[in-house]
Amino acid sequence: VDERTDAQLLLASRAEPAAFVEVYRRHAEDLLRYFARRTLDPEAAAELTAETFAEAYASRRTYRDTGANGVAWLYGIARHQLGRFFRSGRVDAAARRKIGLPPTDLPLEDYERIEDLVDFAPIRAALAEALTTLPGDQREALRLRVIDALPYPEVAERLHCAETAARQRVSRGLRRLALVLQEEGVSTTAEVE
Amino acid sequence: MDTEIRFLRDLEDDLVRLAEADAARTVTRARHRRHRTWLGAVAGVVVLAFGIGALAGGGLLGQQGRAAGQASAVLGIGGAPDRGAPVPGSIKALPDLDPVPRAPAGSGSAVTRTPLLTDLSKIVRNGSIALTIPDGSFDARFAQVIAIARAGRGFVLSSQTEGSSSGSLTIRVPSASFDRTLVRLRALGVPTSSTVTGKDVTNQYVDYRAHLQVLESRRAVLLQLMTEATTIGETIAVENELNDVQLQIDQIEGNLRFLDDQVAKATIDVSLTEQHARSAVVLPGDIENPSLGRALQRAVQGFLAVLATVVVGLGYLVPVAILAGVALLAVMLVRRRRPVAT
């Protein structure tokens, strides 16, 4: 186990790129949860996580140890990525292209695991109200998946479509929902970062 | 990584591969940086050696440069004036062009030229001088050259002009006024090249004189035989022989007269070029056409000259480097011992 602090690892990663991987191991899941709770979209959350680490890797030589833990620097990049996502409605891939990180699709089994990272309880009421703004197919998919908390195979059966299509509808609906909630100033997270 | 989310595990694998590739690149870059540092150091030493070598005037570069300067000056293609060249009017700066040693003034025990040496020394002297003159002064300077030749009891053998800004003259002056004439010519402008040559023809002259004496004796004998001839056959034979001897005498006397004339009068080639004249005058005898062979030869000479200069510079640097190494070693030893002593 590497006992160096995040700041030490980030500084060391200039000459020893492998040290950055240790930072990733420590904070990747937390960062994914951070994005998932704000975007409500597993695909967007995964992409934002990858882009944030790519950006951090590409600019690790500019990191300066100011006394704060290195993770603050990482979340600074994450906030920047999230702001761009909410402004443009899509996840940028410039940093991943810059460092040569290959694009990866989110595996099917990861959708539910990432959704599990999101605690919908605090926003359930706001969600129900925002659902009325969504198109019919996405609204129905979200109602079955989020409000009724049904598993994807059952959601697909009720919607009379394939499981992949059901996931896509839920994913798109959540992304749109997150944008609506963001515009209305409703926080999708219980804690404050 | 301990997570159930496959996406994060895949991303970790990608980052590990990326980090390994970057680490390999970092090592390669560091190696290249080291190589560049060494190359830079070697280049620095070579440049330093070249500079020192050039300052020390070593190698062929100095000679080459001087030779090139002279050549370009003779060809009139620019280049610095030769080092001995004075500014117009500063006659005192001229080197002594008289090849015969002179006695110091006022010295009672001075070595003087013996009459024998004066009579027997037959030296043919030639000179050439290329002058850069102010713009618009060509006609005046051309006339001055003629006047200088006449003042020295000489004459203009030939002349050639190109446009109204450059030209050349060949003048002949008595040897006695050769040096004085050259001094006056130099004062007409800025000399860009100047050469003086002397050819000793004394041996040749003495040989001709000796041969002439023999032939004259033989002619006297033949004339005596002619008066004593009794038959027509004898008379014809002696006369034929006499004709041959007389012919040889005439040839040798002609050669002696030519040598006397060459010794008595010196030839000076004068080239005048206005400062901003478009084309330079080529002195008689110089080669005007460029040659690839000569260019190649000069290139090789230049390469060798630079190499030689660097070698000379290294000769200066090596002892300095040894001294610096010894000093550095001493400092290191002192520093290493200091903690032990304390």
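Visitor: Where does B:Arg153 sit?
Guide: B:Arg153 is found in the loop of chain B that runs between α4 (138–151) and β2 (155–162), where helices (H or I, at least four residues) and strands (E, at least two) are DSSP runs numbered from the N terminus. This is a predicted model, in which local features need pLDDT of at least 70 and side-chain atom pairs count only at pLDDT 80 or more, while totals for chains, interfaces and linings use all residues. Residues are numbered from 1 along each chain as its sequence is written, chains are lettered from A and ligands numbered from 1 in the order in which they are written, and side-chain values use heavy atoms, with hydrogens and water left out.

Visitor: Is B:Arg153 buried or exposed?
Guide: B:Arg153 is exposed, because its relative accessible area is 72%; buried means under 20%, exposed over 50%, and partly exposed in between (1.4 Å probe, protein chains only). Its phi is near 60°, a positive value in a residue that is not glycine.

Visitor: And what about A:Leu40, what is its phi?
Guide: A:Leu40 has a positive phi of about 60° although it is not a glycine, and its place is in the loop between α2 and α3 of chain A. A:Leu40 is buried, with a relative accessible area of 2%.

Visitor: Which loop holds A:Asp41, and what is A:Asp41 in contact with?
Guide: A:Asp41 lies in the loop between α2 (18–39) and α3 (42–58) of chain A, and at 1% relative accessibility A:Asp41 counts as buried. Leaving aside neighbours within four places in sequence, A:Asp41 is in contact (heavy atoms within 4.5 Å) with A:Ala36, A:Ser171, A:Leu174 and A:Arg175.

Visitor: Okay, stepping back, how many helices and strands are there in chain A?
Guide: Chain A has 10 helices and 0 strands, and 49% of its 193 residues count as buried. Among contacts in chain A between residues at least 6 apart in sequence, 67% join residues at least 24 apart.

Visitor: Where is confidence lowest in chain A?
Guide: The measure here is pLDDT, the predictor's confidence in each residue, from 0 to 100. In chain A it is lowest in helix α7 (residues 124–130), at a mean of 73, and highest in α3(A), at 94, while chain A as a whole averages 85, with 93% of the residues scoring at least 70.

Visitor: And what is the mean for chain B?
Guide: Chain B has a mean pLDDT of 78, and 76% of its residues reach 70 or more. Over residues 62–118 of chain B the pLDDT is below 50, and this stretch has 57 contacts in the model beyond near neighbours in sequence. For the model, the scores are ipTM 0.79 and pTM 0.43.

Visitor: How many residues does each chain bring to the contact?
Guide: The contact takes 19 residues from chain B and 29 residues from chain A. Between them the two chains bury about 2,100 Å², 70% of it on carbon and sulfur atoms; buried area is the accessible area (1.4 Å probe) that two parts lose on being put together, summed over both. In chain B, the residues that lose the most area to chain A are B:Ile5, B:Phe7 and B:Leu15, together 31% of what that side buries.

Visitor: How many salt bridges are there between chain B and chain A?
Guide: There are 2 salt bridges between chain B and chain A, a salt bridge being a side-chain nitrogen of Lys or Arg within 4 Å of a carboxyl oxygen of Asp or Glu. B:Glu12 forms one with A:Arg25, and the closest N and O atoms are 2.4 Å apart.

Visitor: Which residues are linked with B:Glu12 in a network?
Guide: A:Asp6, A:Glu22, A:Arg25, A:Arg26 and B:Glu12 are linked in a network of salt bridges. Within it, A:Arg26 forms a salt bridge with A:Glu22, with the closest N and O atoms 3.4 Å apart. Being 4 residues apart in helix α2 of chain A, A:Arg26 and A:Glu22 are separated by about one helical turn. A:Arg26 is partly exposed, with a relative accessible area of 29%, whereas A:Glu22, at 17%, counts as buried.

Visitor: What does A:Arg4 meet in a salt bridge?
Guide: The side chain of A:Arg4 meets that of A:Glu16 in a salt bridge (3.4 Å, N to O). A:Arg4 lies in the segment before α1 (6–12) of chain A and A:Glu16 in the loop between α1 and α2, so the pair ties together parts that are 12 residues apart in sequence.
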